[in-house]
Structures are given as C-alpha cells and as structure tokens.
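Visitor: I would like to know how the labels on a structure are earned. Could we go through some of them together?

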Amino acid sequence: MTEVHLIRHARAQPRREGLPDGERALTAAGEVQAERLRAALERLEVRYALLWTSPLLRARQTADHLAPLAEVVAEEPALAGGWGQELLERLLVRGKTVAVVAHEPDLSRVAAELLAGDPERAAAFAFKKSGLLALRMRAGGAELRYLLTPGVLRRLL
C-alpha cells in the first residue's frame, strides 16, 4: 500500500515588505503547531520512508519537527509552488508512506485532482496551517484515509 500525507506548513510570519517570501519563518505558535502535529503522528505510530519538503523556510522548519518520523528528509525545489499530481507521483515510493510538506494552493489542487478528479474543486479541500490529509494511492487517484486539522490535533493530545 502506498500512502501519501499532504501537509501544509505551520503558521509563519506574515508577508511584509523587506522580508522575502522564502525567508518567512515559523512563529512561536507555528512551532507549537508543528510539534503538536509530530506528537499526534507519533501517537498514531506514523513513520515515513521519505519526507519531502519545499525549500521555503517555513516548510523546512515544519519538516524539521517531523524529521524524527522519517528515514530520509529531502528538499524538492518544485514544491515551492506550482506543482501538481505529476510531481507527486514522481516523489512516491511504491508500497511506502511518504510525506510532502508544502504550500497552498498547490496542496488543495492536488487533493482535489486525486479525490474528485478536478483540480478546480480545490476550495473544497483547502488546508489549514499544519493540516494533514492522508491518502491511500490507487490507480487513477486516491482514497481519503484521514484528515488532521489543527483543531483535531489539539483534541488528540
């Protein structure tokens, strides 16, 4: 069974002039969110063969919190923005669980394409910061395993 966890980075500094987007770091609340996600995944006994991350600082920092759950952590430049299902399929390790830490709106578009067959339905799959969507991959799409929102994570721990 091949499973993929699509994960949005945790809360980061707001956009502001003089701060390049790629250098926006997690806030203190974002650090707590990322740590809460890691703790919940540990409780669920999740382990990753590979954890892919966007090169943007906020995604890398989120991935750092999740790194103890992964055999390998790797940066994928394309995850910074504009990627789709084709890239995801290249990042999968058949028969293993893989995580992808990235950004909106790419995550919701990929989820909509895999689950509904239509990336234009992305609004129905919008990710909250530090949210996770677990999918079991199958021919021609995916099936939803579970969804972890920040609210669910708070209740799990």
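Guide: Gladly. A helix here is a DSSP run of H or I with at least four residues, and helices are numbered from the N terminus. With that in hand, we can place Glu45: just after α1, Glu45 takes a positive phi of about 60°. Please keep in mind that this is a predicted model.

Visitor: What makes residues 28–43 a helix of about the expected reach?

Guide: The expected span is 1.5 Å times one less than the number of residues. For the 16 residues of α1 that comes to 22 Å, and the span from first C-alpha to last is 23 Å, close to the expected value.

Visitor: Which residues of α1 are buried?

Guide: Gly30, Gln33, Ala34, Leu37, Arg38, Ala40 and Leu41 are buried in α1. Seen down the axis of α1, the buried residues fall within an arc of 165°, so they line one face of the helix. On the other side, Ala28 and Arg43 are exposed.

Visitor: What do the buried residues of α1 pack against?

Guide: Their partners include the strands β1 (3–8), β2 (48–53) and β5 (132–138), along with the helix α2 (57–66).

Visitor: Why is α2 called mostly covered?

Guide: Seven of its ten residues are buried. Among them are Ala59, Thr62, His65 and Leu66. The cover over the buried residues of α2 includes α1, β1, β2, β3 (70–75) and β4 (97–102).

Visitor: What makes Arg145 and Glu3 a salt bridge?

Guide: The test asks for a side-chain nitrogen of Lys or Arg within 4 Å of a carboxyl oxygen of Asp or Glu. The N to O distance for Arg145 and Glu3 is 2.4 Å, and they meet in a salt bridge. Arg145 lies in strand β6 and Glu3 in strand β1, so the pair ties together parts that are 142 residues apart in sequence.

Visitor: Is Glu3 buried or exposed, and what about Arg145?

Guide: Buried means under 20% relative accessible area, exposed over 50%, and partly exposed in between. Glu3 has 4%, so Glu3 is buried. Arg145 has 36%, so Arg145 counts as partly exposed.

Visitor: How many salt bridges does the structure hold?

Guide: The structure holds nine salt bridges. Another is between Asp21 and Arg58, at 3.2 Å from N to O. Asp21 lies in the loop between β1 and α1 and Arg58 in helix α2, so this pair ties together parts that are 37 residues apart in sequence. Arg58 is buried at 5% relative accessibility, while Asp21 is partly exposed at 31%.

Visitor: What about Arg38 and Glu35?

Guide: Their side chains meet in a salt bridge at 2.2 Å, N to O. Both lie in helix α1, three residues apart, about one turn of the helix. At 15% relative accessible area Arg38 is buried, and at 31% Glu35 is partly exposed. Elsewhere, salt bridges that share partners join Arg15, Asp21, Arg24 and Arg58 into one network.

Visitor: Why does Arg8 have no salt bridge?

Guide: A salt bridge needs a distance within 4 Å. Glu104, the nearest side chain of opposite charge, is 5.3 Å away from Arg8, so the pair fails that test. Arg8 lies in strand β1 and is buried all the same. The residues that Arg8 touches include Ala102, Glu104, Leu107 and Phe127, leaving aside those up to four places away in sequence.

Terms used. Residues are numbered from 1 along each chain as its sequence is written. This is a predicted model: local features need pLDDT of at least 70, side-chain atom pairs count only at pLDDT 80 or more; totals for chains, interfaces and linings use all residues. Side-chain values use heavy atoms; hydrogens and water are left out. Helices (H or I, at least four residues) and strands (E, at least two) are DSSP runs, numbered from the N terminus. Buried means under 20% relative accessible area, exposed over 50%, partly exposed in between (1.4 Å probe, protein chains only). The arc is that of the directions from the helix axis to the C-beta atoms. Contact means heavy atoms within 4.5 Å. Lys and Arg count as positive and Asp and Glu as negative; His and the chain ends are not counted.
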